[in-house]
Each structure stands twice: as structure tokens, then as C-alpha cells.
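Okay, thanks for having me, everyone. I've got one sheet to walk you through today, so let me put the sequence and the model up.

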Amino acid sequence: QVQLVESGGGLVQAGGSLRLSCAASLRTFSRYTMGWFRQAPGKERECVATISKSGTYSEYAEAVLGRFTISRDNAKNTMYLQMNSLKPEDTAVYYCAARFRFSLDDTLVSVRDYDYWGQGTQVTVSS
């Protein structure tokens with residue numbers, strides 16, 4: 001059974017940093033495109049960042065460009081999201097997601113593109 005477990009969320013002041021981790025129980029983690037999404041109360045779930053299975057390609061939402069960095073360690077079956085210069089508008093539940101890619105080494109930004117989801121971790125940024 002596939003499990004994605006997020007950790008690293010919490011309460012931080014504006015301007016601070018957090019590092020989220022997503023541990024995956026995927027036998028072939030290196031064959032999955034991975035993504036970080038977030039959902040704030042009353043809003044739709046949106047893609048924050050996505051990374052290709054090899055780690056070569058990444059894509060970011062404009063709102064986080066230059067502040068967030070997505071990465072992965074295929075040897076550890078883990079994906080990360082380094083979040084710097086956090087703003088109150090970054091407050092949301094953050095989810096990691098996975099989609100198997102047989103041959104393509106690509107990024108995916110749509111919720112509909114992903115098959116597996118974690119339970120989410122709360123990030124709260126105070127002003």
C-alpha cells in the first residue's frame with residue numbers, strides 16, 4: 001500500500017523558514033513525479049512546486065518562486081520543500097503527491113494528474 005507522510009509543518013513568524021519532508025513508501029520512488037500542493041481554508045488546492053522523477057526538472061507557482069525550493073533524495077525515498085521568507089499568505093495545509101511515470105521525466109501541476117496523496121501538514125505563518 002502506498003503511503004506518503006508529510007512532516008515539518010508548524011507555526012512560524014513571517015520571514016521565517018520551514019522545511020517540509022515527504023516520506024514515501026514507494027518501491028520505485030525514482031519513477032514518480034512528485035509535487036507539493038497547499039490548500040488554505042475556503043480555497044482550492046493549488047500546486048506549489050513539482051519535481052520530475054530524476055530531479056532534473058522542477059516547476060514553481062509564481063507566488064513562491066525564489067522563496068521555496070523543492071528537492072528529492074531518491075535513495076531515501078523522500079522529497080523536501082525548503083520554504084524561506086514565509087508570508088502569512090503561505091498559511092495552508094501542505095500535501096505531497098505522487099504520480100508514476102513509465103518513461104517521461106516531467107513535472108505535473110494539476111491536482112488531477114496525481115494518484116497518491118499524503119494526509120497533509122499544517123503550516124501557519126503569523127504576521
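Before I name any partners, a word on terms: when I say two strands pair, I mean that DSSP finds at least two bridges between them. And keep in mind that this is a predicted model.

So, with that, start with S7 and S8. They pair in the antiparallel sense, over six bridges. Pick out Phe68, and you'll find its bridge partner in S8 is Met83. The two strands make a hairpin, with four residues between them. Have a look at Asn77 in that turn: its phi is positive, about 55°.

Now the other neighbour of S8. Strand S3, residues 18-24, is joined to S8, residues 78-83, by six bridges, and again the two run antiparallel. Arg19, for instance, sits opposite Gln82 in S8.

Okay, zoom out. What's the strand order in the open sheet? It goes S1-S3-S8-S7, four strands, with antiparallel pairing. At the edges you have S1, 4-7, and S7, 68-73; each has a single partner strand, so one side of each is left without a neighbour in the sheet. Neighbouring strands here are turned by 15° against each other on average, if you ignore direction.

Last thing, back to S8. Is it largely enclosed or left open? Five of its six residues are buried, meaning under 20% relative accessible area, so S8 is largely enclosed by the rest of the structure.

Key
Residues are numbered from 1 along each chain as its sequence is written. This is a predicted model: local features need pLDDT of at least 70, side-chain atom pairs count only at pLDDT 80 or more; totals for chains, interfaces and linings use all residues. Side-chain values use heavy atoms; hydrogens and water are left out. Axes are lines fitted to C-alpha atoms, for helices over the stretch in contact, and angles run from 0 to 180 degrees between N-to-C directions. Buried means under 20% relative accessible area, exposed over 50%, partly exposed in between (1.4 Å probe, protein chains only).
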